[in-house]
Amino acid sequence: MGSRSVWNAFVNGEPCRLGYLSQLRVDQAHRRRKRLLTAGYDLIRSFRRPDEMSFDLTSIVADNEVARRLLGAGLPGLPTYTEIEEWTTLVVPTTSRLRRASRVRIERGTRERMGEVAACLERNRRRYQLALRFSTADLLSPERSRGLAPGDFFLALTDGEVAGCLALWDQSGFKQVVVRGYAPRLARWRPLVNGLSPLLGTPRLPDPGQPLPHAYLSHLAVDGDDPEIFHALVEAAYGEARARRYVYLVIGLAARHPWRAWIERRFKPRTYASGLYAVHWDDGAPTVATLDGRMPHVEVALL
C-alpha cells in the first residue's frame, strides 16, 4: 500500500499544487517482488494532473536503511529519490515547568481572526521551501482542518495585528498512537517508572491498548522569524497542552533551523532524524534542479 495526497504549497516562493507520498508498506512475504513496486509507482504517476508539480515530496526516517538503500539505488522502473534536506521531528514531553509570561501579547484564535491567520501564514511561508499554503476557507473547513478549531490557535499580536501564529492540533479523533505492548524488562519495571514519574519529570507509561495523548504544534508562522515571538507562542501552547493532560507534543523543523536549538535546551525532547526527498521521473528532474535552497518547512502533523 501507499498513498499520495496533494496540497497547496509554495515552491521557490510561488503557489503550486504539490504531491506528498507516504505510508509505503510492502508485506514481508512480497518484498522481493520488484514488479509490485514498479506497478505501484506507475499507478501513482498516472494520478498526476497537469496543474501539479512534476515531482512529489516524501520523507524517510534516517535509520530506515532498507528503504533508503532500495529507493536511492536508481533501479530501473522506479523514480529517482533526490534528497533535499535533513529534517528533525521533536517529541516534547509535557513535564517541564511553566515559565513566566513574556512581553509578547498572546491571544487565542477566533473565527473572526482566521483571515488574519491565513494572511500571516501566506506571507511567511513564501519564505520557506515546500511549505503548505492555507486559505481562510481551509482553516475553517471541518474536512481540510479536521479536528482543528479557531480556539486551538495562539496568536502573537503587535500593535493589534497578528505577527505570529501557532496551533495546538489534537488529531486523536481520527489518528492515534496506541501502545500495543512493552518489552519484558520495561513491562516489569513500568509500575515503578510510573510511580517515580512526578519526581523524575518523565511521562507515565499507559497500559497496553491505551493511546498516548498528544498533539501537534502546527500552522507555525512568525514575522521576521522573531525568536521572542516564537518562544512566547510555544510557551502558551505548552501551557495549554499541560492543562489538557497531553503526554507529549510533536513539532518538526529543518535540522538547520535556528529555532531547533532553543526547543532542545528548553524541553529536552526526543529527536527523530529523517530526510526530505523529491521523488521524480526524468520529466521532473529539471524542476527539482531549480529548487533554490531556501530552508524547507513541512507540516509534520500531515506527514
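## Close-up views of a predicted model

**View 1. Lys268, an exposed loop residue with positive phi.** Lys268 is exposed, its relative accessible area being 61%. In this predicted model, Lys268 is placed in the loop that runs between helix H7 (258–267) and strand E10 (270–280). Its phi is near 50°, which is a positive value in a residue other than glycine.

**View 2. Arg245, in the loop between helix H6 and strand E9.** Although Arg245 is not a glycine, its phi is positive, at about 65°. The loop that holds Arg245 joins helix H6 (227–243) to strand E9 (248–254), and Arg245 is exposed there, with a relative accessible area of 70%.

**View 3. A nonpolar patch on the surface that includes Leu199.** Trp189, Leu192, Leu196, Leu199 and Leu200 make up this patch, and together they present about 550 Å² of accessible area. Leu199 belongs to helix H5 (residues 184–200); with a relative accessible area of 74%, Leu199 counts as exposed, because the cut-off for that class is over 50%.

**View 4. Helix H3 and the elements that cover its buried residues.** For the 12 residues of helix H3 (residues 114–125), a rise of 1.5 Å a residue leads to an expected span of 16 Å, and the end C-alpha atoms are indeed 16 Å apart, so the two values agree. The buried residues of H3 are Met114, Val117, Ala118, Cys120, Leu121, Glu122, Asn124 and Arg125. Their cover includes strands E1 (3–11), E6 (153–158), E7 (161–169) and E8 (214–222), together with helix H4 (136–140).

**View 5. The largest nonpolar core, with Phe55 among its members.** This core has 43 residues, of which Leu18, Phe55, Val117, Leu139 and Phe153 touch the most other members. H3 supplies the largest share of the core, namely 5 residues. A second, separate core of 28 residues includes Phe154, Leu233, Tyr246 and Trp262. When neighbours within four places in sequence are left aside, the contacts of Phe55 are Val11, Leu18, Gly19, Arg48, Leu130, Ala278, Val279, His280, Thr287, Val288 and Leu291.

**View 6. Val222 of strand E8 and its surroundings.** Val222 has a relative accessible area of 1% and is therefore buried, the cut-off being under 20%. Not counting residues up to four places away in sequence, Val222 touches Asn124, Arg127, Ala163, Gly164, Ile229, Phe230, Leu233 and Trp259. Asn124, one of the buried residues of H3, is 98 residues from Val222 in sequence, yet the C-alpha atoms of Val222 and Asn124 are 6.7 Å apart in space.

Definitions and conventions. Residues are numbered from 1 along each chain as its sequence is written. This is a predicted model: local features need pLDDT of at least 70, side-chain atom pairs count only at pLDDT 80 or more; totals for chains, interfaces and linings use all residues. Side-chain values use heavy atoms; hydrogens and water are left out. Patches are made of residues with over 30% relative accessible area and no salt bridge: like charges are joined within 9 Å, nonpolar side chains (Val, Leu, Ile, Met, Phe, Trp, Tyr) within 5 Å. Accessible areas come from the Shrake-Rupley method with a 1.4 Å probe; for residues, only the protein chains shown count as cover. A salt bridge is a side-chain nitrogen of Lys or Arg within 4 Å of a carboxyl oxygen of Asp or Glu. Helices (H or I, at least four residues) and strands (E, at least two) are DSSP runs, numbered from the N terminus. Buried means under 20% relative accessible area, exposed over 50%, partly exposed in between (1.4 Å probe, protein chains only). The expected span of a helix is 1.5 Å times one less than its number of residues. Contact means heavy atoms within 4.5 Å. A nonpolar core is a set of buried Ala, Val, Leu, Ile, Met, Phe, Trp, Tyr and Cys residues joined through side-chain atoms within 4.5 Å.
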